Amino acid sequence: MGRAGLAGIVAFAVGLTTVLSLLLGNNPALFGDQPGSEELARRLALPGDVLLRLLVIVIALSIVIGIVNLLYIHIGRLTRGKFYSAVLLASFAFTIFWLTVNRGDTSLLEAVQVPIESALAALLFLSLALGGARVMQKRADIWGLLFVAVVLSVLLGSLPLAELAPVRAFSAWLLAVPVSAGARAILLGIALGTIVVGVRAVLGLDRSYRG
Amino acid sequence: MSEEFNWLDYAEPDEEAPAPSARPGLRRFLPRRPTLPSLPGRPRLPSLPSIPSLPRLPRLRRRAQPALDKPSAADLLSVHEERPLDELDDRLQSLRERAVASSQPEAEARQALYDVDELLAAPEILRKPGGVISAAALSKAQRQQVELLKDIVGAPQAGDASVSRIRLSPPLFSLSAIPRIIGTAVLLLMASLPFVSSDFAEGELPPSEFHEDRHGPTTLYNLLDNLTPADYVLVAFEYGPTAAGELDAIAELFLRHIVAQRAVPLIVSSNPIAIAHAQNIISRVNRSVAFSGESLRHGRDYFILRYLPGGPLGLRELSENFADVARVSYKGTLTGLQFDSLDDVTYVVMIAERAEDMRNWAEQVAPQLDRTPLLAASGYAAAPLAQVYADSMDEIVGLVVGYRDAYTYAEMLEANFAELLRDASELGSGSAEASPAKIDEQPRNEAAQAERPLATAVPPASAIPPPAVAPLPTTTPRPPNTETPTETALPTATATQQMISVVEVTSPRQVRIRRGPTTADDILQLAQAGDMFQIIATNGDGSWYNIALSNGLDGWIAGILVEEKALSMAEFLGGGGEASARLSDERVYLRREWSLSLGKNRPRYYQSNAPITGDIPEYVLMRDRSAEVPRLRAMTLGTLTTVVTIALGNVIFALSALRRRQRNGERK
């Protein structure tokens with residue numbers, strides 16, 4: 001048995017244990033009113049609980065590894081004269097220094113990151129608005145026309161103008177019926193996709209741990 | 001993953017080459033994978049001579065003149081006469097302009113490509129040997145696409161040293177960017193005008209109450225308004241700085257509403273930046289409170305719990321092991337909070353930026369909540385998907401969406417608390433401690449505050465509701481402009497022996513207490529199996545009971561969900577003797593119930609414990625709202641301008657497309 005086979009067996013065993021533990025654990029009703037059913041349900045929940053908590057710890061640790069890796073990469077780029085890497089490293093060092101000196105202070109977040117990210121969101125709006133104005137340049141057909149009509153309906157429906165009450169009603173219907181149906185379909189698709197990916201991972205069909 | 005793939009110098013290893021015999025590292029000690037016997041392949045069909053085997057190329061290249069052996073993108077553009085250059089999108093036009101610009105001074109490069117007038121130069125890519133990506137194996141289809149890309153952009157083939165590399169210098173300004181610049185300038189100008197002048201006040205402001213058809217936000221408001229000082233509320237900040245402009249307002253209002261009633265918010269997030277941002281919101285609340293010594297303090301008035309890593313897994317851990325999560329603060333210190341499960345908190349409030357956050361909470365947390373409702377708010381982008389969950393799941397209450405709903409929430413909140421402040425002021429004309437100014441001077445219940453972090457969380461007060469009227473000892477003052485001069489009966493020694501009619505909730509599921517005796521009425525409160533309430537009245541056919549709630553309100557509960565009983569007051573309180581004793585020490589004020597439906601409900605008054613252990617109106621009323629109205633106007637004007645821009649742009653482009661098609665038809 002190769003390394004891939006061993007990894008597959010471990011993944012299969014862990015995955016199956018977790019699934020069974022989550023399904024059967026903490027549910028004494030499954031075992032009837034017999035004495036000890038609650039204890040049994042509690043014990044069955046334990047493996048899944050422990051494995052999930054281990055996973056959360058591993059994920060938290062991976063964030064630390066990610067930060068170290070990021071620094072390592074940008075230090076390497078710095079040796080090749082990359083200016084942006086120097087900016088990143090200097091910002092990182094300054095932020096650590098600032099938070100060490102002013103413990104618990106979040107003024108950097110408030111003064112730098114929130115305005116920058118908000119500005120990026122505003123830029124995204126401008127891009128979308130200008131992109132919306134050029135839909136017919138890219139796709140001058142019935143589907144492009146339909147897209148533009150729906151966008152305009154929803155935007156007009158969101159305007160607080162008394163004259164647009166009929167459009168607002170249509171926009172509300174649009175959001176309540178077709179959009180809601182589409183959202184439910186997406187949720188169903190996500191659920192089915194999650195099951196498929198989960199089964200593939202448990203059965204060792206995914207490549208990530210096959211060596 | 002640090003190394004970039006060198007497309008130009010990439011050379012695919014020969015598939016036929018024998019594998020190296022020596023294997024690196026520890027793999028040499030592992031047994032080799034056995035070679036499976038080859039299965040019989042598909043029979044090889046004879047090729048049909050009449051069908052030419054064309055390479056898989058995009059339509060543009062298939063239409064190119066066959067005389068060009070290996071045309072570049074510039075060749076394709078120059079020889080393709082059927083499609084005018086101005087039809088190309090901006091990116092291709094920009095590429096073409098850059099290629100033309102860069103090919104002018106590069107005579108050598110032009111010479112390297114035979115019979116080419118225009119040149120699309122490839123950017124310089126430095127080769128870095130080694131690395132993870134450069135060792136990645138490409139499939140056959142991917143290799144073909146690499147070669148195709150090299151052909152299209154006119155890149156030199158591997159090993160072709162005759163072509164010198166060209167360093168591109170992009171032009172500072174492109175004519176194709178003019179419409180974008182104009183559109184951006186117009187949008188920015190129109191969105192900025194309401195901040196400059198009040199003459200650009202287009203559109204109506206959001207209503208001061210949620211529309212009567214929107215029961216979700218109204219119920220959410222009611223539930224938070226029924227909080228008591230014993231309640232803990234889990235507040236999930238699931239949004240980052242990107243959505244701060246949209247969701248900060250509602251997050252701040254939720255926090256103000258909770259802390260104004262002396263309930264304790266427990267802030268949690270699966271987004272580490274959101275945790276830091278929550279501190280800023282708390283600071284903002286504190287800054288707005290003018291009097292000193294009353295600011296919120298971590299570990300006493302609010303808690304920020306530790307970060308939940310792992311997205312949905314972190315939320316799963318929250319719902320399964322809330323006792324552990326609540327034990328540690330974001331600083332890594334112990335909070336002193338002791339909970340058994342997530343059902344020990346009164347409400348869970350979740351503010352989501354993305355639909356995925358809403359999905360995670362609905363799937364990982366909401367199913368684990370037996371008694372606690374999940375109150376949801378989201379941004380506009382997440383609203384369509386979040387609304388589906390709010391409509392489908394009984395555990396989820398909401399949805400409050402975006403900045404406009406935040407404005408309505410603020411209006412409701414301020415009207416309610418302003419009324420309380422006014423009541424207290426007028427009531428206090430005869431008693432010093434009742435005036436708002438004196439509220440600040442009242443000694444805080446320091447013992448209770450000190451105990452709070454260490455106290456075991458208790459079920460919400462609604463579990464054993466004291467009767468609304470009987471234990472209140474004082475004469476109820478008259479509220480302004482009201483005809484409800486109710487005087488409460490003085491408690492007597494025999495009050496606890498009095499028999500009263502109560503209902504006990506028998507439904508195993510959560511029961512909704514509503515404002516009126518129909519399911520269409522707003523929800524005021526939720527009740528669990530075993531909760532008991534004193535009966536005030538019944539409706540005509542006895543299918544609904546009018547009951548007294550713990551906070552002085554009265555509500556209606558469906559008869560099929562409860563069982564009627566007759567109990568003595570002592571039995572009814574059932575260990576609530578302490579509560580009634582505590583109540584007797586407190587002053588009782590009248591507080592106006594907010595009329596939640598326009599023109600439907602008349603204002604009325606109910607009794608409330610204030611201000612010592614009750615509401616702190618300053619946390620709600622001392623907000624800076626100066627930017628709200630200009631911002632809403634700017635949103636309206638910006639949206640209007642966007643509509644005009646999109647409509648105008650598409651009409652122009654549609655007419656242009658029609659004219660082009662007509663011209664092409666005439667040419668054919």
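Contact here means heavy atoms within 4.5 Å, and by that criterion this predicted model brings together 49 residues from chain A and 53 residues from chain B. The size of an interface is often given as the accessible area lost when the parts come together. Between chain A and chain B the buried area is about 4,700 Å², with 66% of it contributed by carbon and sulfur atoms.

Turning to specific interactions, the program-derived count gives two salt bridges between the two chains, one of which joins B:Arg284 to A:Glu110, where the closest N and O atoms lie 3.3 Å apart. Residue pairs in polar contact across chain A and chain B number 14, counting those with both residues at pLDDT 80 or more.

On the side of chain A that touches chain B, the elements giving two or more residues are α2 (37-79), α4 (107-132), α5 (135-138), α6 (142-157) and α7 (165-202). Of these, α4(A) supplies the largest share, twelve residues. Sorted by class, this side of chain A comprises 32 nonpolar, nine polar and eight charged residues.

The helix α4(A) can also be followed to a partner in the other chain, since it packs against helix α20 (residues 628-667) of chain B at an angle of about 35 degrees, their axes being 8 Å apart. A:Phe125, A:Ala129 and A:Gly132 make this contact from α4(A), while B:Thr642, B:Ile646 and B:Asn650 make it from α20(B). The contact of these two helices is divided by class into three nonpolar and three polar residues, with no charged residues.

Technical notes
Residues are numbered from 1 along each chain as its sequence is written. Chains are lettered from A and ligands numbered from 1 in the order in which they are written. This is a predicted model: local features need pLDDT of at least 70, side-chain atom pairs count only at pLDDT 80 or more; totals for chains, interfaces and linings use all residues. Side-chain values use heavy atoms; hydrogens and water are left out. Buried area is the accessible area (1.4 Å probe) that two parts lose on being put together, summed over both. A salt bridge is a side-chain nitrogen of Lys or Arg within 4 Å of a carboxyl oxygen of Asp or Glu. A polar contact is a pair of N or O atoms within 3.5 Å; within protein, one must be able to donate a hydrogen and the other to accept it, and residues adjacent in sequence count only if both atoms are side-chain atoms. Helices (H or I, at least four residues) and strands (E, at least two) are DSSP runs, numbered from the N terminus. Ala, Val, Leu, Ile, Met, Phe, Trp, Tyr, Cys and Pro count as nonpolar, Asp, Glu, Lys and Arg as charged, and the others, Gly among them, as polar. Axes are lines fitted to C-alpha atoms, for helices over the stretch in contact, and angles run from 0 to 180 degrees between N-to-C directions.
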